[in-house]
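Work through the three exercises below with the structure in view. Each task is followed by a solution in steps.

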Amino acid sequence: MSELKKNADKFLDDLMEVYPAKVMKNRKKHVVVKEGAGQEIAANTRTVPGIITNRGCCYAGCKGVVIGPIVDMVHIVHGPVGCAYYAWGTRRNKGKAREGGQNFLNYCFTTDMQESDIVFGGEKKLKKAIEEAVELFQPKAISISATCPVGLIGDDIDAVAREMSEKTGVKILSFNCEGYKGVSQSAGHHIANNKLMKEVVGTNDSPVGKFSINLLGEYNIGGDEWEISRVLSKIGYNLVTTMTGNSTIDEIANAHKSDLNVVQCHRSINYIADMIEEKYGLNWLKGNFIGVENFSKTLRNIARYFGDEGLIARTEEVIAEEVAEIKDTLNSAKEKLNGKTAVLYVGGSRADHYQGLLREIGIETIVAGYEFGHRDDYEGRDVIPYIKLDADTRNIEEITVEKDEKNYSLRIPADKVDELKKEMPIADYEGLMKNMADGSLIIDDLNHYETEKIIEILKPEFFGSGIKDKYIVHKMGTYSKQMHSYDYAGPYAGFKGAANFAKDVEAGILTPAWSYLTPPWNKEPLLKGKVEGVEEAC
Amino acid sequence: MLDYTKGEYKERSGLKVNPAKTCQPVGAMYAALGIHRCLPHSHGSQGCCSYHRMHLTRHYRDPIVASTSSFTEGACVFGGKSNLKNGLLNVFNIYNPDVVAINTTCLSETIGDDIGEIVRSTNVPEGKTVIYANTPSYQGSHVTGFSNMCKAMVTHLAENTEEKKSDTVTIFPGYVEPSDMMEMKRMADLMGIKYTMYPDTSKVVATPNTGKYEMYPEGGAKIEDIKESGNSMASIALGKFSSEAAAYELEKKCEVEPFIMKEPIGIKATDEFVMKMLELNGGTMSKDLEYERGQLVDIMVDVHNHYHGKKVAIFGDPDIITAMTEFVIDLGMIPTLVLTGTPGKAFEKEIQKMFDEAGLADSKVMASEDLFSFHQLIKENPVDLIIGNTYGKHIARAEDIPLVRVGWPILDRIGHGYFPIVGYKGALRIIEKISNALLDHYDRTCSDEDFELVQ
């Protein structure tokens, strides 16, 4: 990669040669060749029309990501049929019903708005839908998610939620997450966080056990959360809730009773992590459950936070035991993959989280970027005071919370927290760029054109991204692994997850099919016969 | 699985649960991919475009590329004009398609953006074409969107330039797979019939891996052929819901006589398709095709015992399941329930007529319905087989009923982009699938002493 560093300007010119001047000016701010520290990147700005972005919308960030995984709620999508349909079973947030509880993850609920609802308003139909949902499913709670036209026609879903909640006695949460809000999925995360904080967290005061923690920003894709919590409970922790993979509404309501929030996906959940700290005194620790080293470090940090000798010792025992089980798998993958390079382009967190695990199997990440990360996800939380809100995101509500005098408590003394902050990321995240090598490339809101160019120029062996670019990359002869859906496999988090990932990547890069891209008649001399369109057999 | 679905079917008026349809623009995007060197463009907020690309990609396991106007909140207030204009210019500069086919979403439709006016006021580069269809998501379904884009191809491109009609037949294949379009063309070729087909996604969404990515693959109907279709002698519109609008538009605009037919799925519909082509164009019946038909009849007779009298519930898109219903009746099966999420009384009428003719007094047909109802009705009246898309797998598992995957989307199996379900060949494949599904289920559930080696 040092070559890229030397020729950074030429590389950037090559990457952007086709852009009209205005687009080039815009895109250049979203691309950084890493050199030392303190570099700035533009992020969380509006998408250039026509550029073929991979981004989704606010609704996807709210309903698809944060709210949808709550298993015992009926999630009603208020809009025409598409939005509900595309978010039905496509994001692999697994979940199980609790004993005596419910799980609606295999269902898709929508008001299926018709033209008449657009013309005369859809509130009546929404109310009817809620009545029918209560009658048919008797859910613990209901969510209403707004889609594009709802805001335009002025349906007041908050009022409907209040009215119907009184009428039915069921908790109803309304989310004004119209697709056009903000510039990406990110706005939807924020909207979801606000509502969970305002109307859910703190409404259940069930007692919790010793060493209680919450996992924040973990959505149990392919069973990730189950693998993480397996290890946590083996060490001796009590998991109060996860936000929101495999969670229930009551568990989330009880989150404030916990002793520590461990944050995986900073982008989607940092709002609520901060607010819970502010209101209830609960510290949050940035964790990373992906890769042996990162997961082990996170486990050690959690143990040190609690400062219990037994926990600390047990943590080391469990790590040793777990690592022993998987090290052969990782080593054997590393032997075969050592020296290969990766591009990671994933939503708002995995492009950082997976770099360690890839390194553990011998693969260096040379390009990384987010669809919708903010500057703090790239540069670290230190830059937050300097981030300017632009016109496109200014309308996303910022809420403030106050200390809850009754329930506020510091789990460990403030000076102890200050001491720990020197050693571990408490209320802190250092961002994606810091751990990347000089000369690597960081790129925000990567588009189709740049994807092609990067593969052509840098020729990575591994492209970790999503479904929309997977097959484009395959056609270019490069293995592409879906880092959102895990190509329908998983878990990839935790120790067993690391082994699963290693095996899957090894299979993907080494599958014999790659050797057949060029047919034999195009590479071997033909004794008889000739190939159409070719003058002479070579 | 689906533990909260109980047997008592009751009409609902507010809540859709597990829809058997999706929204218009994805169908329009698919149709647009059937034009050579065309980039579909979604005029709305970018979430729609990502979802539609995602869903088509999952179904085809092939690149599906499309651009979007990427609305922000500001654009919702002031209209999406500058987003679309800038978007189009960026698309031509960066991606260089020959054609851009714009679809709309519920957002731009609710705002009331005038796409035609915006396109006319945009400096489209010389030699490039922009077509557009209004595809409001709150009307109809993805099939409607497909139909609207097919119609737009006629509106914007087809021209009646000659005094005398040519000897070419225009075929509107309907919302079917690339493999199906390929099979229709093979059949026409075998009979020596001149045709133009559009849209045509064969060689667009089922492309080979050669190590070299082509953003615009070799397939797709050529612009000049679509233009020329205005001079064709007649059009055959396969599938009323997906193709009729385009055929009528071609009649209105270019005086090309339309023939609206079923999708050629099953023996009867394929016979009708073949007969119509021969009748229109005076081609000769191909010996090879006749041989294939004979093979199909042979298998129908030989293994009728695998499926005769079995009850089947069918769901999916109206054109596909209309023809499927006819075919299963021809196989001696009993379609007890036929359901589509797409609205349309015409569909219900046509299926009811088939039931009446076959003397199926207890069978039910429903349009504008969802899979929650489908499941409830199956609980009330159990069946031996379900035919439908991937979304039937939960019900199949819940009730332990074999599922034959037919239609769109199929997200969990391969084959649909490569092997046809239309024509005599396709009918054979459907029989193979039905027979396998029923026998696999029997083998898995029968007692040891009833386990057969030969079946």
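**Exercise 1.** State what confidence the predictor assigns to chain B and to the complex in this predicted model.

Solution. Start with the chain: chain B has a mean pLDDT of 97, and 100% of its residues reach 70 or more. Then take the complex, for which the predictor gives an ipTM of 0.97 and a pTM of 0.97.

**Exercise 2.** Describe the surroundings of A:Thr147 and decide whether A:Thr147 is buried or exposed.

Solution. Begin with the position in the chain: A:Thr147 sits in the loop that runs between strand E4 (141-146) and helix H8 (148-153) of chain A. Next, list the contacts, leaving aside residues up to four places away in sequence: A:Thr147 touches A:Tyr59, A:Val77, A:His78, A:Gly79, A:Pro80, A:Cys83, A:Glu178 and A:Gly179. For A:His78 there is also a polar contact, with its backbone oxygen 3.0 Å from a polar atom of the A:Thr147 side chain. Finally, apply the cut-off: buried means under 20% relative accessible area. The value for A:Thr147 is 1%, so A:Thr147 is buried.

**Exercise 3.** Find the volume of the second largest pocket and work out what lines this pocket.

Solution. The volume comes to about 940 Å³. The lining has 33 residues, and those closest to the pocket centre are A:His374, A:Ile384, A:Ile387, A:Leu389 and A:Glu398. Now sort by element: helix H10 (186-199), helix H13 (266-280) and helix H17 (375-379) of chain A each give two or more residues to the lining. H13(A) contributes the most, six residues. Sorting by class gives 13 nonpolar, nine polar and eleven charged residues in the lining.

How values were computed:
Residues numbered from 1 in each chain as written. Chains lettered and ligands numbered in written order. Predicted model: local features only at pLDDT ≥ 70, side-chain atom pairs only at ≥ 80, totals over all residues. Heavy atoms only, no water. 1 Å grid on protein atoms, 1.4 Å probe; cavity = no way out; pocket = protein on both sides within 12 Å on 5 of 7 lines; lining within 4 Å. Points joined across faces, edges and corners; volume = space filled by probe spheres on them. Helix = DSSP H or I, 4+ residues; strand = E, 2+ residues; numbered from the N terminus. Nonpolar A, V, L, I, M, F, W, Y, C, P; charged D, E, K, R; others polar. Buried < 20%, exposed > 50% of the residue type's maximum accessible area, 1.4 Å probe, protein only. Polar contact = N/O pair within 3.5 Å; in protein donor to acceptor, adjacent residues only side chain to side chain. Contact = heavy atoms within 4.5 Å. pLDDT = per-residue confidence, 0-100.
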